[in-house]
Amino acid sequence: MQGKLNVLLIDDEPIVGKRLQPALSKVGCDVEIFTDPLAAVARLNEKTFDIVVADIRMEQLDGIEILERVIAKSPRTKVIMITGYATLEMAREAQAKGAFDFIAKPFTPGDLREVIAKAADSLGIKGIREEAQPRGTQP
């Protein structure tokens, strides 16, 4: 991998971060996990990340608001939206507001790595795709 990818993942379900952090770290990503969206926003104000992965439906602050804040602060950052309540309308709204991609739950860590590899390519960071395992091979 030519560059280190800084990823911030926000999901109020702790199991999501617990499963995804090792899968992303394995391909060389520095991953910070948050279950509290307000704490994540505080961190986003301190540090600029290459990629932000945010759940859309959360209690205190939804993923669309996080998307808007990230894009306003750092238009270069790629935001990937995840949700268990996917609708076509929601996907269109997220992409109209600048989301890089949209993934419906349930998904595998390999699915997320593929999208992150595409986002890394668009940032000029090479090597993530080659290190990611093919789809469906990760638990």
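**Two cores around a parallel sheet**

In this predicted model, the largest nonpolar core has 24 residues, and the members that touch the most others are Leu5, Cys29, Ile51, Val53, Leu112 and Ile116. Several elements feed into this core: β1, α1, β2, β3, β4 and α5 (109-123) each put in at least two residues. Helix α5 gives the largest share, with 7 residues. Ile51 is a handy place to look around. Leaving out residues up to four places away in sequence, Ile51 touches Leu5, Asn6, Val7 and Leu8, then Thr77, Lys78 and Ile80, and finally Ile116, Ala119, Ala120 and Leu123. There is also a second, separate core of 23 residues, and its members include Leu8, Phe49, Val52 and Ala54.

Now for the overall layout. The chain holds 6 helices and 5 strands, and reading along the sequence gives the pattern β-α-β-α-β-α-β-α-β-α-α. Of its 139 residues, 50% count as buried. Looking at contacts between residues at least 6 apart in sequence, 62% link residues that are at least 24 apart.

The 5 strands make up an open sheet with parallel pairing, and their order is β2-β1-β3-β4-β5. At the edges sit β2 (29-34) and β5 (101-104), each of which pairs on one side only. From one strand to the next, the twist averages 20 degrees. As a general point, strands of a sheet pair through backbone hydrogen bonds, in either a parallel or an antiparallel way.

Moving inward from the edges, strand β1 (residues 5-10) and strand β3 (residues 51-55) run parallel and are joined by 4 bridges. Here Leu8 stands opposite Val52 of β3, and both of these residues are included in the second core. On to the next pairing: β3 and β4 also go together in the parallel sense, this time over 5 bridges. Ala54 has Met81 in β4 as its bridge partner.

Strand β4 deserves a closer look. All of its residues, 6 of the 6, are buried, so β4 is largely enclosed by the rest of the structure. In a regular strand, side chains alternate between the two faces of the sheet. Both faces of β4 are covered, with Lys78, Ile80 and Ile82 buried on one side and Val79, Met81 and Thr83 buried on the other.

Two of the helices can be placed against the sheet. Helix α1 (residues 14-25) lies across β1, β2 and β4 (78-83), and runs at about 170 degrees to β2. Helix α3 (residues 63-73) lies across β1, β3 and β4, running at about 180 degrees to β4.

Pro37 belongs to helix α2 (residues 37-46). With a relative accessibility of 2%, under the 20% cut-off, Pro37 counts as buried. Setting aside neighbours within four places in sequence, Pro37 is in contact with Ile10, Met58, Gln60, Leu61 and Ile66. Pro37 and Ala54 are 17 residues apart along the chain, and 8.8 Å separates their C-alpha atoms.

Finally, a word on the rings. The structure holds 0 aromatic pairs. One ring does have a charged residue over it, though: Arg57 lies over the face of Tyr85, at 4.3 Å from the ring centre.

Technical notes:
Residues numbered from 1 in each chain as written. Predicted model: local features only at pLDDT ≥ 70, side-chain atom pairs only at ≥ 80, totals over all residues. Heavy atoms only, no water. Pairing = 2+ DSSP bridges. Axes fitted to C-alpha atoms, helices over the stretch in contact; angles between N-to-C directions. Contact = heavy atoms within 4.5 Å. Phe/Tyr/Trp six-rings, centres within 6.5 Å; stacked < 30°, edge-to-face > 60°. Lys NZ or Arg CZ within 6 Å of the ring centre and 35° of its normal. Core = buried A, V, L, I, M, F, W, Y, C linked by side-chain atoms within 4.5 Å. Buried < 20%, exposed > 50% of the residue type's maximum accessible area, 1.4 Å probe, protein only.
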